[in-house]
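Dear colleague,

I am passing on the model we spoke about, and below it I have set out what I found when going through it. Please read the notes with the structure open beside them.

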Amino acid sequence: MMNLLGKRVVVLGFARSGYSVAKLLAKSGARVLVSERKSPEQLKKSVVELQNMGVEFEFGGHSRQIFDADFVVVSPGVSLRDGILNELANSSIPIYSEIEIASWFNRGKIIGITGSNGKSTTSTLTHRIIVDAKRKGYLAGNIGIPFSEIAAQTKEDDIVVLELSSFQLERIASFAPYVSVILNLSPDHLDRYDSVETYYFAKLRIWENQDERDLACIRMDDPILTGYIERCKAKILGFARRYFGIHGVYAYDGWINIVGDDGKEERLIEIQSLGLIGPHNEWNVAASVAATLPLDIERDSICNTLMNFKGIEHRLEFVRELEGVLFYNDSKSTNPDSLDWALQTFTGSIILIAGGLDKGTDFSFLRNRISEKVKLAILIGKAKEKLRNEWIGATEIIIANSLPDAVELAFENSSPGDIVLLSPGCASFDMFDNFEHRGRVFKELVNKLKSKYEKRT
């Protein structure tokens with residue numbers, strides 16, 4: 001680990017990870033400046049705490065003070081594309097992610113999980129498998145708590161499950177997980193990356209510092225991902241929804257199967273017994289099992305977890321049944337592929353609430369799925385006109401002014417047996433703080449709905 005005593009460090013952004021990494025660096029003797037666009041009033045309690053530790057702050061924008069640094073730590077939400085930050089990105093000053101800094105302090109085994117879709121579900125399930133087996137495990141990164149909040153307290157026998165976004169991976173230097181998992185690759189965040197390949201390369205950096213002593217869990221039936229497999233230097237554990245002839249975990253013949261190096265098949269659990277629903281979750285389950293194989297966890301313990309784990313909040317989360325209409329919250333759907341998998345999960349007639357902040361992705365490939373699955377699409381947010389233009393003729397479409405309007409319209413147009421599904425396929429920042437905020441509002445609105453009979457009387 002770098003000797004941080006007296007080092008001048010600038011932290012760009014003071015959200016959760018910025019706060020945690022600034023605190024960790026200050027405790028290690030670094031001289032820290034936090035540079036933040038927001039006003040101090042929004043962050044007062046945390047600011048006072050760190051000021052008492054000697055941390056300096058600038059608010060309301062980034063000044064040229066940020067160039068007075070031995071290195072810079074950039075928070076995931078801060079883009080370095082424009083203005084003075086772009087100038088910084090093109091300077092000789094090293095720029096690291098919070099994940100990289102935290103890894104300098106970590107002593108535990110890291111399972112790093114990334115991909116365009118399924119990261120949170122797979123990370124949470126992987127962590128659950130570990131703790132249900134009575135192992136000491138942490139869940140951190142892009143979910144739960146920042147890695148820098150717990151890294152310094154980890155021990156050699158601890159297992160740290162990290163959900164990793166492209167934003168966190170694009171500024172690593174030495175970070176190397178013991179087990180890496182890439183779930184899939186599909187276009188996303190094209191409002192931040194110059195090309196889809198640049199986005200893919202950020203994800204693939206999870207392999208960059210692994211070697212033959214490490215393990216890489218790779219979805220073998222993702223043609224985009226496997227097109228880059230020669231970049232991986234770690235030992236490969238496959239996972240897929242069919243067998244690929246290498247050591248790994250595969251969903252086929254109605255079972256989750258473990259296949260050894262010798263090709264010997266072990267049936268683990270019937271797919272119909274899984275707590276998670278939907279074909280996409282067969283990949284997530286297989287990935288979680290593959291990621292924990294090197295930990296030698298008893299099979300009975302794994303099966304018990306897989307039967308009892310029902311999913312995470314805001315991901316195909318059942319909210320309520322009202323007059324035979326089922327309401328599901330899939331606010332975590334922030335790209336078209338995620339929306340596609342949500343639609344494939346259900347067999348009933350769907351009233352879809354979609355839209356939000358477009359990230360430059362293509363929704364036209366969903367036309368056939370919309371036509372097949374969706375009785376009515378209710379569109380909201382800045383992307384609503386784009387979605388209407390790409391789906392017009394595929395199903396009935398209504399434009400709503402807000403999420404409350406959309407929920408009311410969905411229920412008014414529903415019949416018993418219908419599924420009202422919030423699966424936006426877009427980011428939330430045009431109308432909400434984040435996808436969690438959007439999901440909470442949706443659930444509150446649904447739970448306040450009164451029956452049509454009550455409305456008539």
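At what angle do H5 and H11 pack, and how far apart are their axes? In this model, which is predicted, H5 and H11 pack at an angle of about 135 degrees, and their axes are 9 Å apart. Angles over 145 degrees would count as roughly antiparallel and those from 65 to 115 as roughly perpendicular, and the two helices are therefore oblique to each other. Their crossing is right-handed. The residues that meet there are Leu125, Arg128, Ile129 and Asp132 on the H5 side and Ser301, Ile302, Thr305 and Leu306 on the H11 side.

Helix H5 deserves a fuller description. It covers residues 119–132, which makes 14 residues, and it reaches 20 Å from its first C-alpha to its last, close to the 20 Å expected at 1.5 Å a residue. Of those 14 residues, 11 are buried, so H5 is largely enclosed by the rest of the structure. The buried residues are Lys119, Ser120, Thr121, Thr122, Ser123, Thr124, Leu125, Thr126, His127, Ile129 and Ile130. They pack against three strands, namely S6 (109–114), S7 (137–141) and S8 (159–163), and against the helices H8 (196–204), H10 and H11 (299–308). Just after H5, the backbone at Lys134 takes a positive phi of about 65 degrees.

H10, one of the packing partners of H5, spans residues 280–292 and includes His280. Is His280 buried or exposed? With a relative accessible area of 11%, His280 falls under the 20% cut-off and is therefore buried. Leaving aside residues up to four places away in sequence, His280 touches Leu316, Trp341 and Thr345.

Turning to the sheets, there is an open sheet of nine strands in the order S7-S8-S6-S9-S10-S11-S12-S13-S14, and its pairing is mixed. At its edges stand S7 and S14 (265–270), each with a single partner strand, so that one side of each is left without a neighbour in the sheet. With direction ignored, neighbouring strands of this sheet are turned by 20 degrees against each other on average. Within the sheet, S10 (residues 215–219) and S11 (residues 235–240) run parallel and are joined by five bridges, and Leu215 stands opposite Lys235 in S11. Helix H11 packs on this sheet, where it touches S13 (255–259) and S14, and its direction makes about 35 degrees with that of S14. H11 thus appears twice in this account, once against the sheet and once against H5.

There is also an open sheet of five strands, ordered S3-S2-S1-S4-S5, in which the pairing is parallel. Its edge strands are S3 (56–59) and S5 (95–97), each of which pairs on one side only, and the twist averages 25 degrees from one strand to the next. S1 (residues 8–12) and S4 (residues 71–74) pair in the parallel sense over four bridges, with Val72 in S4 as the bridge partner of Val10. Helix H1 (residues 16–27) packs on this sheet, touching S1, S2 (31–36) and S4, and its direction makes about 170 degrees with that of S1.

Another pair of helices is worth examining, namely H15 and H16 (residues 435–448), whose axes come within 10 Å and cross at roughly 45 degrees. These two helices are therefore oblique to each other, and their crossing is right-handed. Leu403, Pro404 and Val407 in H15 meet Arg438, Val441, Phe442, Leu445 and Val446 in H16.

Lastly, two exposed positions may help you to find your way around the model. Asn401 is found in the loop between S19 (396–399) and H15 (403–412), and at 68% relative accessibility this residue counts as exposed. The C-alpha atoms of Asn401 and Lys134 are separated by 49 Å, and the two residues are 267 residues apart along the chain. Pro223 lies in H9 (residues 223–226) and, at 66% relative accessibility, also counts as exposed. Pro223 and Ser63 are 160 residues apart in sequence and 44 Å apart in space, C-alpha to C-alpha.

With best wishes

Conventions
Residues numbered from 1 in each chain as written. Predicted model: local features only at pLDDT ≥ 70, side-chain atom pairs only at ≥ 80, totals over all residues. Heavy atoms only, no water. Buried < 20%, exposed > 50% of the residue type's maximum accessible area, 1.4 Å probe, protein only. Contact = heavy atoms within 4.5 Å. Expected span 1.5 Å × (residues − 1). Pairing = 2+ DSSP bridges. Axes fitted to C-alpha atoms, helices over the stretch in contact; angles between N-to-C directions. Parallel < 35°, antiparallel > 145°, perpendicular 65-115°, else oblique. Left-handed = near helix turned anticlockwise from the far one by under 90°.
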